[in-house]
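Biologist: Before planning any work at the bench, I should like to go through this model with you, point by point.
Modeller: Certainly; please put your questions in turn.

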Amino acid sequence: MDGDGNSGSDDFKVIAKKAGEGLDVMLNCYLGPQKQEAPTNAGADALPTRSQYEGTLTISDEHKELRLLRGHIIVTLLSRYGAFNHTGEIGDVVNLNFARSGGVAQSAADTLAAIGDAEYELRRASMHFKTNNDPKSGELIPLTEISEKMSNVREAYDWVHQVRRVSLVTEVLKETSTPTAKGLSLFASRVRTLVQTPTLSGVKELYTQTKTAMKKLALLDRFGKAYLDDARTYIQATYDKGKVDSTDWQFWDQLLEDACVRLQKESGSKRDCTPGNYK
């Protein structure tokens, strides 16, 4: 207990609450939802104010399911990015025929593993999936049940699980970005080599790689914005609807599974991206 009479438990609850709410404000700003209120500044194109995002989703049980769905949507968007980043393909309409660098199969497998781990934690925390304490059942293992009589311990568990889910989603971002990081490093290395030892074949190769890189950036910008805009619209509509249904998860499952099939083909891995069964 400190000089103000606060216990260590109280301090932890304040820290956990502020950390969780800070994270939600950031995600509210990035993906929504936002409060439906008139903008305080004039003009039809006025940007939303911070107050329109603060408190839109909280760490309360009331908003738990929408926060979990939002995590699922983020993983789905990242999986689409990861599939393109590893294969250069967007459905059956675009194929940049990326030059395969060493380790691409392992990178795709690592991406699948990160997606599967994140989805497992998101799904077992949601009310829409079956759980079973028996590991042999094939169902998701439920989260530890803490009695309501131990509210402080229960809140600590909830906070730890939330931090773990955020960490796993961040890992998905890292893995899906790996080919870009490697590609930039290889590109820089080839530029240095060409500067030191200029050759006609080297110039041609660098020109081809530059064109591919520019196409990739243009496609990422166009499709990335389109996916984000649609995700924001979907999250806002679900928030306005007032509840999350299993069909909301299943809608995004289709996009996730499509991306994972391409990553499985690239890696040879059979890792499941959509673990568990719906109730």
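**Charged pairs, helices and rings**

Modeller: To begin with one residue of this predicted model, Arg271 has a relative accessibility of 30% and therefore counts as partly exposed.

Biologist: With which side chain does Arg271 form a salt bridge?
Modeller: A salt bridge requires a nitrogen of Lys or Arg within 4 Å of a carboxyl oxygen of Asp or Glu. For Arg271 the N to O distance is 2.7 Å, and the partner is Asp117.

Biologist: How many residues apart in sequence are Arg271 and Asp117?
Modeller: Arg271 belongs to the segment after helix 6, whereas Asp117 is part of helix 3, so their pairing ties together separate parts of the chain. Asp117 is partly exposed, at a relative accessible area of 35%. The separation in sequence is 154 residues.

Biologist: Which residue of helix 4 meets Glu121 in a salt bridge?
Modeller: Glu121 lies in helix 3, and its partner in helix 4 is 43 residues away in sequence. The N to O distance of the bridge is 3.6 Å, and the partner is Arg164.

Biologist: Is Glu121 buried or exposed?
Modeller: Residues under 20% relative accessible area are classed as buried. Its partner Arg164, at 43%, is partly exposed. Glu121 has a relative accessibility of 6%, so its class is buried.

Biologist: What is the relative accessibility of Glu175?
Modeller: The side chain of Glu175 forms a salt bridge with that of Lys174, at 3.0 Å from N to O. Lys174 is partly exposed at 46%. Glu175 counts as buried because its relative accessibility is 10%.

Biologist: Which residues are joined into one network by salt bridges that share partners?
Modeller: The chain has a count of 14 salt bridges. Shared partners join several of the charged residues into one network, namely Lys241, Lys243, Asp245 and Asp248.

Biologist: How many residues of helix 3 are buried?
Modeller: The expected span of helix 3 at 1.5 Å a residue is 30 Å, and its end C-alpha atoms are 30 Å apart, which means that the two agree. The helix is mostly covered. Of its 21 residues, the number buried is 15.

Biologist: On which residue is the kink in helix 6 centred?
Modeller: Helix 6 covers residues 246–267 and reaches 30 Å from its first C-alpha to its last, close to the expected 32 Å. The kink within helix 6 is about 30 degrees. Its centre is at a residue that is among the buried ones of the helix, and that residue is Asp253.

Biologist: What value of phi does Gly268 take?
Modeller: Gly268 comes just after helix 6. Its phi is positive, at about 85 degrees.

Biologist: How are the rings of Phe129 and Trp249 arranged?
Modeller: The count of aromatic pairs is 5. For Phe129 and Trp249, the ring centres are 5.1 Å apart and the planes stand at 80 degrees. An angle over 60 degrees is the criterion, so the arrangement of this pair is edge-to-face.

Biologist: Where in the chain does Phe129 lie?
Modeller: The pair links distant parts of the chain, 120 residues apart, with Trp249 in helix 6. Both Phe129 and Trp249 are buried. Phe129 itself lies in the loop between helix 3 and helix 4.

Biologist: What is the distance between the ring centres of Phe251 and Trp252?
Modeller: Phe251 is partly exposed at 39%, whereas Trp252 is buried at 3%. Their rings form an edge-to-face pair with 85 degrees between the planes. The distance from centre to centre is 5.4 Å.

Biologist: Which residue joins Phe129 and Trp249 in a cluster of ring pairs?
Modeller: Ring pairs link three residues into this cluster. Beside Phe129 and Trp249, the member is Tyr278.

Biologist: Which residues form a nonpolar patch on the surface?
Modeller: One member, Met150, lies in the loop between helix 3 and helix 4 and is partly exposed because its relative accessibility is 46%. The patch has about 260 Å² of accessible area together. Its members are Met150, Val153 and Tyr157.

Biologist: What share of the chain is made up of buried residues?
Modeller: The chain has 6 helices and 2 strands, in the order α-α-β-β-α-α-α-α from the N terminus. Of its 279 residues, the buried share is 37%.

Terms used:
Residues numbered from 1 in each chain as written. Predicted model: local features only at pLDDT ≥ 70, side-chain atom pairs only at ≥ 80, totals over all residues. Heavy atoms only, no water. Patch = residues over 30% accessible without salt bridge, like charges linked within 9 Å, V, L, I, M, F, W, Y side chains within 5 Å. Areas by Shrake-Rupley, 256 points an atom, 1.4 Å probe, with all protein chains shown as cover. Helix = DSSP H or I, 4+ residues; strand = E, 2+ residues; numbered from the N terminus. Buried < 20%, exposed > 50% of the residue type's maximum accessible area, 1.4 Å probe, protein only. Expected span 1.5 Å × (residues − 1). Bend = angle between axes of the 7 residues up to and from the residue. Phe/Tyr/Trp six-rings, centres within 6.5 Å; stacked < 30°, edge-to-face > 60°.
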